[in-house]
Amino acid sequence: MPKNVSIAHRLAIFLVQLRLKSVKNIEKITGSMKMIASTKVNKATRGMEAARAFGVASKALFDNAETKAGEDAKTLFVTSSSDRGLCGGIHSSVSKATRRAVADKPDASLVILGDKPKAQLSRVLRRNIAISFNQIGKDAPTFDEACSIVDLIESSELEYDNVDIIYNRFNSAISYEADVIPAFSLETFKASPNFAAYEIEDDVLANLQQFTFANSVYHALAEGHAAEMCAKRAAMENATKNAGDMIGKLTMFYNRGRQAVITNELIDIITGASAL
């Protein structure tokens, strides 16, 4: 065998060995991330169940008061997701739903919770973005976090009659879909047909409106967090499986190449011995 061919084979085997080592490290990392996500899923689902009580309470209030926005109402869209990656299409889901919603109301303002959806939406809806929040999803959402978000939205003096909070609704451990949670401004709630039945004083009503808004934001954050943890676990499980398949193929290729080099060296030795 020519010398340059032998060197090429050895180089190819060396490169495959490096690739094999790299993929094995990736498999260890994705396996560890899968285990971490699995431990967080139970905590996230428990928090989601508790947060649903907040969302159900606000929805019951709006349903009983028959609160609805008018046809020419100003809508504020709130896209709820997080800053984290490596979790499948969890951020693309709410981003696509937001683009469809804003397409129907192109003059609506947009508030984004999380850097990942902001990066996706800023390319096409930059002029609609009024406020964006980061450091979302670093840990399980809390009601205090939702209250802080609502306080900043209210202090920004954005004009709106109703709010559509676009989030990922948790269906099961392997399923989620984009959905909308409604919230309303103080004036819209006052205009509700059955508002008089509550006999709420004006100074209390403002606090109630902000409380229901925070309830809805907390519900969206908690549901989205649970869906994200399940999606992350599934994504890391698939990545670990794919890395294992690649390791098997690379190992076979490496062993075949190594065996070919050894066989060629033996042939050279035997050929040399025969020549003597």
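# Reading salt bridges, strands and cavities

Q: R169 forms a salt bridge with D179, and the closest N and O atoms are 2.5 Å apart. In which strands do R169 and D179 lie?
A: The model is predicted. R169 lies in strand β4 (residues 162–172) and D179 lies in strand β5 (residues 175–184), so the pair ties together parts that are 10 residues apart in sequence.

Q: Is R169 buried or partly exposed?
A: Burial is read from the relative accessible area: under 20% is buried and over 50% is exposed, with partly exposed in between. R169 has a relative accessible area of 25%, so R169 is partly exposed. D179 also falls in that middle class, at 24% relative accessibility.

Q: Which residues are joined into one network by salt bridges that share partners?
A: The network is made of E49, R52 and E223, joined by salt bridges that share partners.

Q: How many salt bridges does the count come to?
A: A pair counts when a side-chain nitrogen of Lys or Arg is within 4 Å of a carboxyl oxygen of Asp or Glu. By that rule the model has 6 salt bridges. One of the salt bridges joins the side chains of E223 and R52, at 2.5 Å from N to O. This pair links distant parts of the chain: E223 belongs to helix α6 (residues 202–275) and R52 to helix α1 (residues 3–65), and the two are 171 residues apart.

Q: How should the burial of E223 and R52 be read: is E223 buried or exposed?
A: Each partner is classed by itself, from its own area. E223 has a relative accessible area of 2%, so E223 is buried. R52 has a relative accessible area of 25%, so R52 is partly exposed.

Q: What separation in sequence do D63 and K59 have?
A: A salt bridge can also be read against the helix that holds it. D63 and K59 both lie in helix α1, 4 residues apart, which is about one turn of the helix. Their side chains meet in a salt bridge at 2.9 Å, N to O. D63 is partly exposed, with 46% relative accessibility.

Q: How many bridges join strand β1 (residues 75–80) to β2?
A: Pairing between strands is read from the bridges and from the direction in which the strands run. β1 and β2 run parallel, and 5 bridges join them. S80 has L113 in β2 as its bridge partner. On the other pairing, β2 and strand β3 (residues 129–133) run parallel with 4 bridges between them, and L113 stands opposite F133 in β3.

Q: How are the side chains of a regular strand arranged, and how many residues of strand β2 (residues 109–113) are buried?
A: In a regular strand the side chains alternate between the two faces of the sheet. Strand β2 is mostly covered, with 4 of its 5 residues buried.

Q: Is the unit of β1, helix α2 (residues 90–104) and β2 right-handed or left-handed?
A: Handedness is read by following the path from one strand over the helix to the next. β1, helix α2 and β2 form a right-handed β-α-β unit. β2, helix α3 (residues 115–121) and β3 likewise make a right-handed β-α-β unit.

Q: Which helix holds P117, and is P117 buried or exposed?
A: P117 is in helix α3. Its relative accessible area is 0%, so P117 is buried. P117 and S32 are 85 residues apart along the chain, and their C-alpha atoms are separated by 26 Å.

Q: How many cavities of 30 Å³ or more are there?
A: A cavity is described by its volume and its lining. The count comes to 2 cavities of 30 Å³ or more. The largest cavity holds about 120 Å³ of space, and 14 residues line it. Of these, S81, S82, L221, H225 and E228 lie nearest the centre.

Q: What does the lining of the largest cavity contain by class?
A: The lining of the largest cavity has 4 nonpolar, 7 polar and 3 charged residues. Helix α6 gives the most to this lining, with 5 residues.

Q: Which residues line the second largest cavity?
A: The lining consists of F62, F184, S185, F189, L208, Q209 and T212. By class they divide into 4 nonpolar, 3 polar and no charged residues. Helix α6 supplies the largest share of this lining, 3 residues. The second largest cavity holds about 30 Å³ of space.

How values were computed. Residues numbered from 1 in each chain as written. Predicted model: local features only at pLDDT ≥ 70, side-chain atom pairs only at ≥ 80, totals over all residues. Heavy atoms only, no water. Buried < 20%, exposed > 50% of the residue type's maximum accessible area, 1.4 Å probe, protein only. Pairing = 2+ DSSP bridges. Right-handed = clockwise from strand over helix to strand, strands pointing away. 1 Å grid on protein atoms, 1.4 Å probe; cavity = no way out; pocket = protein on both sides within 12 Å on 5 of 7 lines; lining within 4 Å. Points joined across faces, edges and corners; volume = space filled by probe spheres on them. Nonpolar A, V, L, I, M, F, W, Y, C, P; charged D, E, K, R; others polar.
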